[in-house]
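Hi everyone, thanks for making time this morning. Let me put the sequence and the structure up on the screen.

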Amino acid sequence: MKNILKYLICIPLVAIFCGCSLNIPPPDQFSDPDAITTVSTARSLLTSAYISYPHYEYQLSILGEDFCPTSLSGKDVEQQNLYRWQDNSITELADEVWGAYYTTIAYCDVLLERLPNVAIANASEENEKAVIASETKALKALCYFRLLQLFATPYHKNIKADGVVIKTRIGVETIARSSKEVCVNYIRTLLLEAVSTDNVSEKNGWLSQKAVYHILSQLELYAGNYTKAAEYAEEVLSDADESLFTGTNYRYLWSANSYEGRIFAFNSSTTYYTSIQYDEPNGDYFAVNPNVKYAQTDVRKEYNIYPFTMSGESRNLFGKYNMNNRKGEPNNYVEMMRYAEAYFIAAEAYCRDGYESKGVSKLNHYLALCGAEEIPSTLSGDELINRIVDEKLLEFVGEGVNYLDIKRISNSDLKRYATWGKSTYSTIRKDSYKWTFPIPSSEYRYNEAVSQNEGWPINR
Amino acid sequence: MWHSRILLTLIIFLLPVCVVAQKKVVGNVVDTDRNPLPGVAVRIVESKLGTVTDVDGNYQLVGVYKGAVIEFSFLGMTTRTIKYKGEQEIDVVLTEDATQLDEVVVSAKTNINEIDIRARSGVVQSIDVKRVEEKPMIDMGLALQGSVPGLSIINTGDLGSVPEIRIRGNSSLRKGNATNEPLYVMDGQVITAETFYNLNSSDIQDIKVLKDAAACALYGIKAANGVLEITTKRGYEGKTSVNYNMNIGVTARGRRGIEMMSSAEKLELERLIQNPETPGYRYSADYYNRFHSTDPNLQNLIREGEMKLDSLRNINTDWFDELLHTSLYQKHNLSLKGGSSATSYYVSANYTQQGGRIPGNDKHRMSMRLNLDQRLGDIGYLMMSVNGGYSKTNTPNGTTNDPASLVYDLNPYEQKVGELWSNPGRTYSDLMNQFSEEGTDTDAGATASLTITPVSGLDIAAVGGVNFSLAENHQFTPSTAYTETHSGIPEEERGIYSKSKLSTINISSNVRITYSKTFNDKHDFTIGANTDYYMTSSDNVLMRGYGVGTINSAAAINQSLQGNRQPYVSGLRDKSAQIGIGIVSGYTYDGTYDLFATYKLDASSLLPSDKRWNSAWAVGAGWTPSQYKFFKRQRVLTALNLKASYGYMANLNGVSISSTVASFAYSTSKYENQRPLDLLALYNSDLKPEQTKSIDAGLSMQFFKRLTIDVNWYNRKTEDALLDVPIPASTGYTSLKRNIGSLQNQGVELSLNAKLVDLYNWTFIIGANMAYNHNKVLDLYYTDKIYTSDESIVPDYEVGKSYDMLYGPYSLGINPLTGYPVFLLPDGTEKQATEVLKPEDVIALGYSTPPYTGSFNLTLTYKSFDLDVDFYYSLGGIQRYNYSYVRTKDDIHKNAVAGQTENMWFRPGDQDKLYPTPFYTSTTAENNISLYPNSLTVGSSNYLRLSLISLRYRVPPKWLEKHIKFVKYANFAFQASNLFTWTKYSESDPESGTLAGTLQPVYTINMSLTF
């Protein structure tokens, strides 16, 4: 009997403990430590980071000189309030922007923490691993750079002042904002590490070595290291085929396919720039600022502006992505880095470094390729810089570039127009606190160490 | 009984000669529900003579003599002895006795975890299944409301919505069912909540509610929120009996709640609010005088406008009557049971259908069950069960479509034809048939359990089972829906079809060995060990496609669409397992002192291997002074039992592997030629299970063998409580699951049962119960307040405060000058609503979960009539008023609450108004009113509900035998559920707080026939 009992007790116990292992990997999930161990999973994770990169080009264009209100602007009070730089609209936008860039940064950090464990089988995988590391660092640097541009005061105004929060790892940290100088150094380090990998990309959606040079030139211009900025811009332009992005080929920059004439553009499979449209038959909430005027011969005019009849007159609605949407064509690429910008960066950098004629001729070279009016060589000083920024607006209208430029230069007030830009509704002074986005409550509420920007409330 | 005594006295007087002879006695044995009890052992004590009752509970005992003691005993029933005084017939009623269940050597125990000793020191309460079955309600979960104190059940919306079931409150700071719902175990097999909601109440023999750690510890880590143990009906030894039970009736509209405006009042309000999009203003003289003052035709226009208004005033559509409808309820249940001494069976089939309040909302359920029991010689039992069920819920309510809300939106001057002012550009038919959702649950289960007793006192039991459930959800928006035709969507892309399937497989196996031995008739020892294994695997697939037109089928999806409307497929599979080993021991001395201890070790696949094992343990003690001899001498306090227990348990509910380690899954987006791998959540590798510690004390008293009072006190503390806490946005995420603090649930439960009349023909029993639960945040590890939203000024969790408290400012009413409220601050100063509120400006307004709930009931039987009446009440809670029916200038085109015109502030100087200005003048004030409740926008959610009336007539068996021989028993009843709710709450439903959802009254006629 005792034997029977033993069996009765032991058999089920043995059966349970042998048959039922608790190491159950989720069937369609990958968990650490086996999750990111190959270059292909690492690339997939990096892909997520690219997709998560936020696009606020439209909102930044509303804040900049790019647009003026139309007869329909009142139909969307939120957009109208943002155009008028109302505090609560900027606060809301800041909250979104802050979280969104840090999400991309978190993805990059997750990948960078796991990259050392990625096994490589051959030279091509080794190369791919290095490329992934380079792209991840560049993407992360790009996010930090945008955050710094938006959430810190212009760089030249006290470089020791607060910049943004530099994360040291993935996860919860309550750390203070680093100074703008520290931030720039950090971003520069990331970019210099990234640029050391020789990386040529076939598709526009991946950050190549050239793209990293491009971000470096933007960063140095921002930080006032004009010689460096010009050097990097020239590096970008060094082997560029000018015919690819000027003249009649300008149109390919707004086409749905990957194109050699771009340096880098985010690939997009969702809708883009649809918020500007009120509806198909009636028009848009905003039109292009009437000060944005193209010469008749300028090839960019046809693609940057979309003539449309609103309130009984032909109006200059925004072209580019908006034109594609109106024509029912997809926007598969969101332009981020174009060769044109390198001319503008180089031109501005030369001028600021004292080589004004070199700067002017650099820019005029590009403008001539586009069939645009050249800028007079008689201009100098602030006037010249402002003219370069105005020309830059013609090139990058609607791409959110102008707002960052006028904030960076901060030498003039910003006008907010009434309908169709016929009169001035209000003026944002060049020293207004509103130029610097507020640190959102979603940060300061849970991070005691973080400080608020001047002029904005903090309600812990 | 009394008349047989009189008869006996007469016989004694008439027959002075004492006859000392052996006699024959006949009789019938029934349970308290008057159901015949077959197989009752009837024997003469101190002799070998005995018999058993037949299938109808009848017996015939020969050889009885005057003065003999006749004993009636039956498994699970209190043994009764009667001194024979010469009666020819003795009918006996046996009452149930849960503590007796294990006394028979080989007992047919369907739930092997049901160990007698745990009930002596732990809190195990039985639900009166008979009353649950009497309630004509399709949802099993909701029918349990009020059945046991401390088992809280809250209806959350329209018919088919998942109820909120809790045992002694939320043990976690995390809200929602996934983390706070009890464990459901049916015949020893873990089942999903959905399977439980859809059980057929007619198949259930017994439901036990396990509340404290001593009772739950056997189940380990899964049972931190308590356990509901369900035992299904089994066959018996005897002739096959077939029962057909049918309810048929109607469901009513339920409580109206808010009285909406008449046409005349609404048009007048529109005139005052001056929105030109409303006819009351658009056709008024005010409008023409303002906008057409120079028109030479002005007087004509005014006259025409007045005529138009007159015609509108004459229309008075009651949309409550138009939109809500009465519907049908029906339930059919067929069961068959019987068997031999070796094999017995129970088979049942059920169909139930309940119609909802709004057209398109209903629920159907079908289920089948087969329970087969086989005795294995003298040493054991093999029990097998197979069950299957299918339920379907239809609703027209979706996230963007809510016909129930139209009761409050549509104007009384609107009709089912013509364009609606309340919904510009639409007609009534544009609002109906816009969306349909169908949810089905299919479940199937098989269980086998083996119990053997190789030597006396040693029970070895094993149960293994599989439960499969498939939840499907299907949504359809036709291309003709207004939202599709008016959103700029090209025609070929219109119409949305989506379908999701979630299949879940639960496998459980459990082996238990228990040894019990009694020494010297005084020392009862029980020791036991068990091992268990639970595995849950789920597979979720969702597909959504567009361009289906009006064809409600996946086949019609337009596969050529690109961009936002391209076909979408996603899926998620999950699997987790848990292994446990446990020991249990108990000791009872002389039936007076009980000691109990249990220890369980569980490992879960959800945790990293170094943190996998977690323990649960409990100790308990019981004392029954009424067992003392001196106690038995008095007849007032006839039973007294005290018990106490302390236990510790870990809780992992709601934790998935992605919360502890970085987990990635492919997402449905695409980028260049790559597919992205997403990090599922920000992980916390320091995550620990929640630790629950509970102390319980109970007192049970019985007076005069008629009045029973049970009191239980508990204090349950949860440490390392988990919560998704907000984190700085610079982490890239908004929340992280963390062990954040400790909380406490404290409460008292009281139940009372009094048998006021207990005669053979008359019984009158009243019962009442009440539960009080108070919860408090004891500690938050990183802070003293947690705001789950960065907008809120009121902390969601604060040390020292209850975690389901509603906070808001105290309102002094509407300021006659501004039209916005004035708040009285805690420091005695006043603040206008137009100023920004600060955290220190708010006070606790009340509990959102009512702290007091309970029920009272009465049972009256007279001869062949039984009456059961149940009431359920909820006290001490508040609900925030919806107020969506109070209109402002922006939404005055929709109907408004009656009386708004006189209660609303319109111009400076308007005194004593209830509603603020309809004209938007201050963003801060509008935010203060809409974001936070205040003392005037909440109402007490106290209510008393008449939840059951059942009046039954049992056709006398003798009459049946004479007239309809093939029918053994026949019952007819009127049964109704949720008949009426008394409340001061001014909206429609104090329970769910929603405008749409209220438990609908159901009135039915019941017929039960046994063949």
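I'll go from chain B as a whole, to its contacts with chain A, and then to one loop residue.

First, some housekeeping: this is a predicted model, where local features need pLDDT of at least 70, side-chain atom pairs count only at pLDDT 80 or more, and totals for chains, interfaces and linings use all residues. Residues are numbered from 1 along each chain as its sequence is written, while chains are lettered from A and ligands numbered from 1 in the order in which they are written.

So, chain B. There are 19 helices and 47 strands in it; by helices and strands I mean DSSP runs, H or I of at least four residues for a helix and E of at least two for a strand, numbered from the N terminus. The radius of gyration of chain B is 33 Å, close to the 30 Å from the globule rule for 1011 residues, so chain B is as compact as a globular protein of that length. For the record, that radius is taken over C-alpha atoms, and the rule is 2.2 Å times the number of residues to the power 0.38. The C-alpha trace of chain B spans about 120 × 70 × 65 Å along its principal axes.

How much of chain B is buried? Of its 1011 residues, 43% count as buried, meaning 20 or more other C-beta atoms within 10 Å of the residue's own, with C-beta atoms placed from the backbone.

Now the two chains together. In chain B, 52 residues are in contact with 58 residues of chain A, a contact being two C-beta atoms, placed from the backbone, within 7 Å. On the side of chain B that touches chain A, β24(B) gives the most, with 8 residues. The residues of that side divide into 29 nonpolar, 14 polar and 9 charged. Here Ala, Val, Leu, Ile, Met, Phe, Trp, Tyr, Cys and Pro count as nonpolar, Asp, Glu, Lys and Arg as charged, and the others, Gly among them, as polar.

There is a sheet here that I like, since both chains contribute: an open one of 3 strands in the order β1(A)-β28(B)-β29(B), with antiparallel pairing. Strands pair if DSSP finds at least two bridges between them. The edge strands are β1 of chain A and β29 of chain B, each pairing on one side only. Helix α2 (residues 39–52) of chain A packs on this sheet and touches β1 of chain A as well as β28 and β29 of chain B. Between β1(A) and β28(B) there are 2 bridges, and S31(A) stands opposite S663(B).

Last stop: N934(B), in the loop between α18 (923–931) and β44 (938–940) of chain B. Is N934(B) buried or exposed? N934(B) counts as buried, because it has 22 C-beta neighbours inside 10 Å. Beyond four places in sequence, its contacts include S811(B) and F823(B). Those two residues stand opposite each other, with F823(B) in β38(B). Strands β37(B) and β38(B) pair in the antiparallel sense over 3 bridges, within an open sheet ordered β37-β38-β39 in chain B. Also, the C-alpha atoms of N934(B) and L806(B), 128 residues apart along the chain, are separated by 9.2 Å.

That's my tour, and I'm happy to rotate the view for anyone.

Key:
A residue is buried if 20 or more other C-beta atoms lie within 10 Å of its own, exposed if 12 or fewer, and partly exposed in between; C-beta atoms are placed from the backbone. Axes are lines fitted to C-alpha atoms, for helices over the stretch in contact, and angles run from 0 to 180 degrees between N-to-C directions.
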